[in-house]
Amino acid sequence: MAFRKAVKGTAVVASASLFVFYGLTQQAEYTRKKARVSHVVEAAEQVNMVYLDELPSRQAQLVALRSTQEFDVLIVGGGATGSGCALDAVTRKLKTALVERDDFSSGTSSRSTKLIHGGVRYLQKAIMKLDYEQVNASFFLHNNNMITYQPHVLLGPFMWYVSSCFARWWQLPYYWAGIKIYDLVAGGQCLKSSYVLSKNKALELFPMLKKDKLVGAIVYYDGQHNDARMNLAIALTAARYGAAIANYTEVVHLLKRADPQTGKERVCGAHCRDVITGQEFDVRAKCVINATGPFTDALRKMDDQKNPNICQPSAGVHIVIPGYYSPDNMGLLDPATSDGRVIFFLPWERMTIAGTTDTPTEITQHPIPVEEDINFILTEVRNYLSPDVEVRRGDVLAAWSGIRPLVTDPNSKDTQSICRNHIVSISDSGLVTIAGGKWTTYRSMAEHTLDAAVKAHGLTADSSRTVGLMLEGAKDWSPTMYIRLVQDYGLEVEVAQHLASTYGGRAYEVAKIAHVTGKRWPIVGKRLVSEFPYIESEVLYAVKEYACTAIDVVARRTRLGFLNVQAAEEALPRIVELMARELKWSDQKKKEELAAAKRFLYYEMGYKVRSEQLTDSSEITLSPPEVDRYKKRFHKFDKENKGFITTVDVQRVLESISVQIDENTLHEILNEVDLNKNGQVELNEFLQLMSAVRKGQVSDNRLAMLMQTAEESLDQRGPVSVDRSGGGM
């Protein structure tokens, strides 16, 4: 047995050596291409095209779509791939149009893991399964890293967790060899060199980890971004170069005409509908590109009903939990979950993202996270976090599901085999389809698509110029620009840092229209909610950037909906009010927008599954009579049966018994119990508190004592009318 293990270990190490050799050959190829890439970057910086300082309005873009006699290229789909195609096309000096039936990045592109990675997931599979195709995928991803093109992307270390659950004596050096290949492939793009950590050092950097199963860790470096903002930056850059782009514009059907030479029907545009107004119009183009992600097959069948389905949709669920679950500057990769999937555990926007799942799903415009997937992620997180860190279901602040558009190659003999990269296909009628791929490779995907389109349709175009092309806001960005925002405009430091990292050089435009606070400090920048650095002027600026609905702002122009659904709901009325002034909404329209945004939060951002957990007593060790007694105490404060209480509820009861506590102190008292930091104490949190008090784990808790004292006073005085108590919230 020992001999067999030794042989296996030797074979694996030998295999790693082969991977290293393969990596060296790939790096040599990369070096040979470097001179050509440098030339292209230089060319991109000297693109001799008009660059618009002022974005055309959405109405102006619709006029351009309707009035232009014929575009060279019409792209359908405003996600990362479609927007990338528009940017690639317009910088080749092609007359370019793009339509998106929802908002830019409303689908899969805004629901990712937020990583700009070089394919370490694929490298892990390659190492374990000795799969060279996966190695190719990793090389392809790394050589297309986006960090070069958007400097205000976050760079950070990620820890590859190695535990005794799956490690053998040879696996830690084996994984290290694989990660070194990762560095090797990156070449000049390598952010920092990877390194191995001992168990003690890993715990020092990531103290939340479970000690008993930890063998060691490997740290590597990757990029992280705000995916929705990146997508929008790509689309806006295309618009500034002259592309006619419009969100909320859907394709009703494709236009076709007979080819004068062959007599066959050829796609020559699309009949579109403005979703906002209902107006319909034709957009004619020499070439139509299908970049609709999970909805690829719908447009393919619009072209020809006989086309087979090529999309194999898979749902990936992510959850957001409080930031204290992970260090501020270290992510975690667990390559050995209970079912073989990879789990990422990442700090993002001062919160922690955990995910993802990978389950077959139906194609829908509104994917909903399900409780089973949320609990799977929580279970996996518990497996590598210390028992001292209680991973609670109530700590899930938001959850979302994104549909991965995995595809089969229609030109392949094996039509059931999933393509690991992307495919570009051209139908008999000339419809160009780009499908599959990854966020990280959007630029290369766009280049390959336009190369194919230019060749198939005989378009006159320059070569691709997007390597090294700066995106919206990147030109005037610097790591210290937030200091100028603080000094020149009187913004809070946290707000200034957020604006700089989100808008880059365009942050000054947002700061200029910020509202005066009326306080000594900050001078300008009224927050939408106190816990997050989003300010009211971002809503005004969002309208300039084609935001048409409250969902656009709460989900994509800001990320409140993805970070904390309850904070997002709190901000919604003000968001709707600000947008109504800019877009001249009626009172009825405002009600509709508010209702639609609440539905979005309730279903698509996990509010529904969260609210269903409010009365879950799975972690409560109270007896049934004790639970009933504490529920009655809680409902003396929660008069409206919301399932949670706020400082307003507590203050109302205290005033009714003539007890005065200043607002700041009351916030502190609730904050001691509000473990998920959403500004509310839910029934389940209160019951857990009382359970801990009963077990002696917690003593002298101020909220528990305060609520008990208030209950006793109310019982002695009898019922207090709503009128006398101040009328409720």
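Biologist: How many disulfides does a search of the whole structure find?
Modeller: The count is 0 for the whole structure. Keep in mind that this is a predicted model.

Biologist: What about Cys287, where is the closest cysteine sulfur?
Modeller: That sulfur belongs to Cys85, and it lies 9.6 Å from the sulfur of Cys287. A disulfide needs the two sulfur atoms within 2.5 Å, so Cys287 and Cys85 are too far apart for a bond.

Biologist: Is Cys287 buried or exposed?
Modeller: Cys287 is buried, because its relative accessibility is 0%. Cys272 is buried as well, with a relative accessible area of 0%.

Biologist: Changing topic. What is the mean pLDDT of the protein?
Modeller: The mean is 84, and 80% of the residues reach 70 or more.

Biologist: And which stretches have pLDDT below 50?
Modeller: Residues 137–145 are below 50, although the model gives this stretch 39 contacts beyond near neighbours in sequence. Residues 613–618 are also below 50, with 11 contacts beyond near neighbours in sequence.

Biologist: Now helix H16. How many of its residues are buried?
Modeller: H16 covers residues 550–557, and 8 of the 8 are buried, so the helix is largely enclosed by the rest of the structure.

Biologist: Which residues of H16 are buried, by name?
Modeller: They are Ala550, Ile551, Asp552, Val553, Val554, Ala555, Arg556 and Arg557.

Biologist: What do the buried residues of H16 pack against?
Modeller: Helices H8 (227–240), H13 (493–503), H15 (536–544), H17 (560–563), H18 (565–583) and H19 (587–603).

Note on methods: Residues numbered from 1 in each chain as written. Predicted model: local features only at pLDDT ≥ 70, side-chain atom pairs only at ≥ 80, totals over all residues. Heavy atoms only, no water. Buried < 20%, exposed > 50% of the residue type's maximum accessible area, 1.4 Å probe, protein only. pLDDT = per-residue confidence, 0-100. Contact = heavy atoms within 4.5 Å. Helix = DSSP H or I, 4+ residues; strand = E, 2+ residues; numbered from the N terminus.
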